[in-house]
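This report walks through some strands and helices of one chain, with the sequence and the coordinates at hand. Please keep both in view while reading.

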Amino acid sequence: MDCGARKDWNHSLTVRKRGNDMNTKRAPFNFIKWIQSGKVNRRLCMVTFMLAPLLLLLVFTYIPFLKMFQFSFYDMKYIGARKFVGLKNYSEVFSRKDCFQALKLSGYYIVAAFIQLAIALWFASVLSFKVKGGGLYKGFMFFPYLVCGIAVGFIFKFFYTRGFVLDTVLQWFGFNLDSLPYWLKDKSINNISIAATSVWRYMGQNMVLFIGAIMSVDSSLYEAAAIDGASGFNKFRYIIFPSIKTIIVLNMILAITGSLSVFEPPYVITNGEFGTGTYFVIMNKLAHVSQKVGLASAMAIVLFVLILFATLLQKAGEWYFLGIGDQEAIRTVRRQKKQNRQREADNR
Amino acid sequence: MRHGYGKQFLAVVLAGTLTATLAACTKKDEVKAEKTDVGVTFDQIKLGEHTDLKANLKFLTHKTDIVDTTFKDYVSEFQKMYPNINIEYEGITNYASDITTRLTTGDWGDICMIPTTVDKNELKNYFINLGAMDELSKEYTMLSNYSYDGKVYGIPSMGNIQGIVYNKAVFEKAGVKEIPKTPDEFLSALQKIKDNTDAIPLYTNFAAGWTMTAWDAYIDACATGQADFAQEGRVKGKNPFADRGDQTGPYAVYNLLYEAVSKGLTEEDPTTTDWEGSKARLNKGEIASMALGSWSIVQMKEAAENGDDVAYMPFPITVNGKQYTSVSADYNYGVNCNSSADNQLAAMLYIKWLIDKSGFDVNQGGVSIKVNSEMPEFLKAFDKVGLLYDVPVPKGEETWGNDVNNESELGINVSGGMAKSVVEAAIEGQPSMKELADQWNEKWTAAQEKIGITH
């Protein structure tokens, strides 16, 4: 009974499949024909081509991440026995003074990121139009992004050394060497010095992204605006900005998540000394100097959650204030509804 | 039609290769490297035997500067005796941290310099037992760092002496006639250098980071005159960093640095010091002194043309009228316990050759680890100094040192973090040296309690 029913089901399945398939006529099952048939073949291709990137993603991102998640529940070193401690590492992350203290430094980098976006936007809107030697400028400004982060660190270490590049340049402008601060030693400005290096490095890249977005704006809009007598700023305010807001928000999200997880500049330039140790630098120290791998993993997970939260917050902000894609912003929609309601009330 | 067929074929082949590689990966994971037992110990093998042995060895080293020069010569010299043993050196720049992760894979090579991160009870999982402590110590000294349960797992490449490297000519020019013996004498000598010459009296090399660990090396035997202070006084003792009041002990060492920095006797900006450049500057007399182990002497001498001015003095602390220095092991050679028996034997032969025949130790500014070896020429100033060799740690306490160090996060001999915080505090003017020492004691005591050490 049971067996027969299954057979029947199988049969109906094959019939349906054959019925759907146009290429194969009712012939005995042929594997080669089957695999060559359009549908199967297409799926096979899809799976095969996706396998490579998925495999890379799995091996180099998700498996290490899951391992780290697992490590965060253990009291462990790189070498030696591991002991399961539950959430103890997490409670330590929140009770230690240095972890969240270090997160405060991200404030410097977030401010720097906004300055960087502003400069990039300005250059982009200038360089999108015909400028003499525009290509050259773009090239020069994009160049720092191509230099590897470690090299940037070494460049700036010498740049900020007493009596070297920065001091010499400032002396040309009449500054006295004695009145200049020690750029990396003075705790009141060393974080600004280091954050400035990341502005130097990423400004060009942001600019190129903005230029790309501005290029895609329909040029007839500018002409129409020019006929209406719009000034340069008006063009930016009413044409460029609304057209590229998605890219601006994307850059902002990248800049802020990047600011929370700064590592290279402070690690290479000052090694996190003199109050420049960011969250990641502290984490690296705990893992590699004190061999507290579990604690460092927990720190990484906490930061991951924080970044996730920050991104969601920004997304929500974008949705409310600017609107996503072609969709109107929630704020504008509400305002319009309110106005409509008022109008209706007035009419009545 | 043909076009379509090609596509399908490609798809099938791709899928096939990918699943194959995936399968290969998992397979490799399953086969855990088996430990091999070579069956001979380091004291039993003799150079000149097994000359027909065939092996290809991989040697991981921190000495990136001489991988292509000195080590190449060593290999070709060694191959005169063992023509079929080939050795490939790999220099690792960020050695101390990179090697730890590589060790965990088991498949890193045949010989490496054992990092401090391997706890003693873990040694047997990574390195072969080179022999019994009792047997090997008849021939060699300083074996205690990497031995456990009476078995030796690491042979030191050389011994280091701790002191201060300085430029003789600058000290003479400044009017310092005698080598300072106490912290106060040293500070006044530095002051004279500052007043009478253009040289930087004491260069911290703060920015390089690892150079600051030199200060940690003085706090045990050098500062106390006790060979077993590291274990008995520091790891097990109560508040080891407290001021002893007689200019000895760990406090006196860090206080010397604190005073030197706060009196302006070091470079202006520690965050931008340049290690490579500092060697030539000491040689030329632009820097008067640096706190570094004896391994640095050779590099300083060779950095520029005034090699004869470079000299070495004991650390300026005197305990009951006598100065002491510790003779301690530099990086130890360890042999991979997962290598084949032939490779392990070949590795032991090469290590033996390095220690007995190569002259690596003295060439690199160290002392030989062989029993009754003579002091090299450049350590003349040490003839009246008491030499204290590392003493074995009592059984059952072998891992305490690392445990307390990691738990307290002070990073003694690992990060130089304590000396760095001294420099930072001295520049800021707060906290004071006493407050710093109190903080350290607090962390240290908490860590001791967690490990279960009671006073």
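Which residue in β13(B) is the bridge partner of Asn160(B)? The partner is Ser328(B), as found in a model that is predicted.

## Strand β8 and its partners

The pairing between Asn160(B) and Ser328(B) belongs to a longer arrangement, in which β8(B) and β13(B), the latter spanning residues 322-329, run antiparallel and are held to each other by three bridges. Strand β8 of chain B covers residues 159-167, and nine of its nine residues are buried.

Two further strands of chain B also pair with β8(B). Strand β10, made of residues 287-293, is joined to β8(B) by five bridges in the antiparallel sense, and strand β11, made of residues 310-314, is likewise antiparallel to β8(B) and joined to it by five bridges. Ile164(B) takes part in both pairings, since it stands opposite Ala291(B) in β10(B) and has Met313(B) as its bridge partner in β11(B).

## An open sheet of five strands

Elsewhere in the description of chain B, five strands make up an open sheet with mixed pairing, and their order is β2-β1-β3-β14-β7. The edges of this sheet are β2 (85-91) and β7 (155-156) of chain B, each of which has a single partner strand, so one side of each is left without a neighbour in the sheet.

At the β7(B) edge, the partner is strand β14 of chain B, residues 332-335, and the two strands are antiparallel with two bridges between them. Within this pair, Pro156(B) has Asn332(B) in β14(B) as its bridge partner. Towards the other edge, helix α2 of chain B, residues 70-81, lies across β1 (55-61) and β2 of the chain, and its direction makes an angle of about 170° with that of β2(B).

## Glu185 in helix α6

Is Glu185(B) buried, exposed or partly exposed? Glu185(B) has a relative accessible area of 39%, and because buried means under 20% and exposed means over 50%, this residue counts as partly exposed.

Glu185(B) is placed in helix α6 of chain B, which covers residues 183-196. When residues up to four places away in sequence are left out, Glu185(B) touches Ile179(B) and Pro180(B). The C-alpha atoms of Glu185(B) and Ile317(B) are 9.6 Å apart in space, although 132 residues separate the two in sequence.

Definitions and conventions:
Residues numbered from 1 in each chain as written. Chains lettered and ligands numbered in written order. Predicted model: local features only at pLDDT ≥ 70, side-chain atom pairs only at ≥ 80, totals over all residues. Heavy atoms only, no water. Buried < 20%, exposed > 50% of the residue type's maximum accessible area, 1.4 Å probe, protein only. Helix = DSSP H or I, 4+ residues; strand = E, 2+ residues; numbered from the N terminus. Pairing = 2+ DSSP bridges. Contact = heavy atoms within 4.5 Å. Axes fitted to C-alpha atoms, helices over the stretch in contact; angles between N-to-C directions.
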